[in-house]
Amino acid sequence: MLKKLIYPAVFLQEDDGITITFPDLPGCISCANTFEEAFDMGKEAMELYLEDYVNDMFKSAPTPSKLKDIRLEKNECIALIELNVDDYLKTLDNTAVKKTLTIPAWLNKAALERQLNFSQVLKEALIERLS
């Protein structure tokens, strides 16, 4: 499963602040007053933009550019902004849904002996299968 997405962000520093854009995410723009704030605002903008790609586990998300292919203008610099996919998915919807399932008795016994959390194992297996 995809663990993280990393996109280059272009920071344009001007007298009135910093504009953050993403060459690979058209229309994904934010602004900030400081570089620290720019990283936070850039990450938030990127998360909102990528929300549209959650249903296919980000398989159709735009491919990040290679840094060597990005041309910068005066007062611009590049920063890489990372999205931890697991953490991001947890923030979207953590509503638990009860499911009933049937497994062989021997498998139930073995899992109980190892003190496995059935919900966690099923969740991990579903995520792996879906990706």
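F11 is buried, its relative accessible area being 2%, and this residue makes a convenient point of entry into the structure, which is a predicted model. F11 belongs to strand 1, which runs over residues 4-14, and it is joined in an aromatic pair to F35 of helix 1, so that parts of the chain distant from each other, 24 residues apart, are linked. The ring centres of F11 and F35 lie 6.1 Å apart and the ring planes stand at 10°, so the pair is described as stacked, given that planes under 30 degrees apart fall in that class. In contrast to the buried F11, F35 is partly exposed, because its relative accessibility is 33%. This pair is one of three aromatic pairs in the structure, and F11 and F35 belong with F39 to one aromatic cluster.

**Charged residues**

Helix 1 covers residues 35-50 and also contains E36, a residue that counts as exposed because its relative accessibility reaches 64%. E36 takes part in a negative surface patch, the other members of which are E37, D40 and E44.

The structure holds one salt bridge, and its partners are D86 and K3, whose closest N and O atoms are 4.0 Å apart. This contact again links distant parts of the chain, since D86 sits in helix 2 and K3 in the segment before strand 1, with their positions 83 residues apart in the numbering. The two partners fall into separate accessibility classes: D86 is partly exposed, at 27% relative accessibility, whereas K3 is exposed, with a relative accessible area of 52%.

**The loop between helix 1 and strand 4**

Three residues described here, M57, N75 and A61, are placed in the loop between helix 1 and strand 4. Most residues other than glycine have a negative phi. Against that background, M57 shows a positive phi near 55°, and N75, which is likewise not a glycine, has a positive phi of about 70°. M57 counts as buried, because its relative accessibility of 16% falls under the 20% limit of that class, while N75 is partly exposed at 49% relative accessibility. A61 is also buried, with a relative accessible area of 11%, and its C-alpha atom is separated by 7.1 Å from that of L50, a residue 11 positions away along the chain.

**The nonpolar surface patch**

A nonpolar patch on the surface is formed by L101, I103, W106, L107, L112, F118, L122, L126 and L130, which together have about 890 Å² of accessible area. Helix 3 and helix 4, the latter spanning residues 118-130, are the elements that give two or more residues to this patch, and helix 4 gives the most, with four residues. W106, one of the members of the patch, lies in helix 3 and is exposed, with a relative accessible area of 62%.

**Spacing along the chain and in space**

The table collects C-alpha separations for three pairs of residues.

| Residue pair | Separation in sequence | C-alpha separation |
|---|---|---|
| A61 and L50 | 11 residues | 7.1 Å |
| K98 and L116 | 18 residues | 18 Å |
| I78 and A105 | 27 residues | 56 Å |

Of the residues in these pairs, K98 is found in the loop between helix 2, residues 85-92, and helix 3, residues 105-113, and it counts as exposed because its relative accessibility is 78%. I78 lies in strand 4, which covers residues 76-84, and at 28% relative accessibility it counts as partly exposed. The C-alpha atoms of I78 and A105 are separated by 56 Å, whereas those of K98 and L116 are 18 Å apart.

Terms used
Residues are numbered from 1 along each chain as its sequence is written. This is a predicted model: local features need pLDDT of at least 70, side-chain atom pairs count only at pLDDT 80 or more; totals for chains, interfaces and linings use all residues. Side-chain values use heavy atoms; hydrogens and water are left out. Patches are made of residues with over 30% relative accessible area and no salt bridge: like charges are joined within 9 Å, nonpolar side chains (Val, Leu, Ile, Met, Phe, Trp, Tyr) within 5 Å. Accessible areas come from the Shrake-Rupley method with a 1.4 Å probe; for residues, only the protein chains shown count as cover. A salt bridge is a side-chain nitrogen of Lys or Arg within 4 Å of a carboxyl oxygen of Asp or Glu. Lys and Arg count as positive and Asp and Glu as negative; His and the chain ends are not counted. The place of a charge is taken as NZ of Lys, CZ of Arg, CG of Asp or CD of Glu. Buried means under 20% relative accessible area, exposed over 50%, partly exposed in between (1.4 Å probe, protein chains only). Rings of Phe, Tyr and Trp (its six-membered ring) pair if their centres lie within 6.5 Å; planes under 30 degrees apart count as stacked, over 60 as edge-to-face and the rest as tilted.
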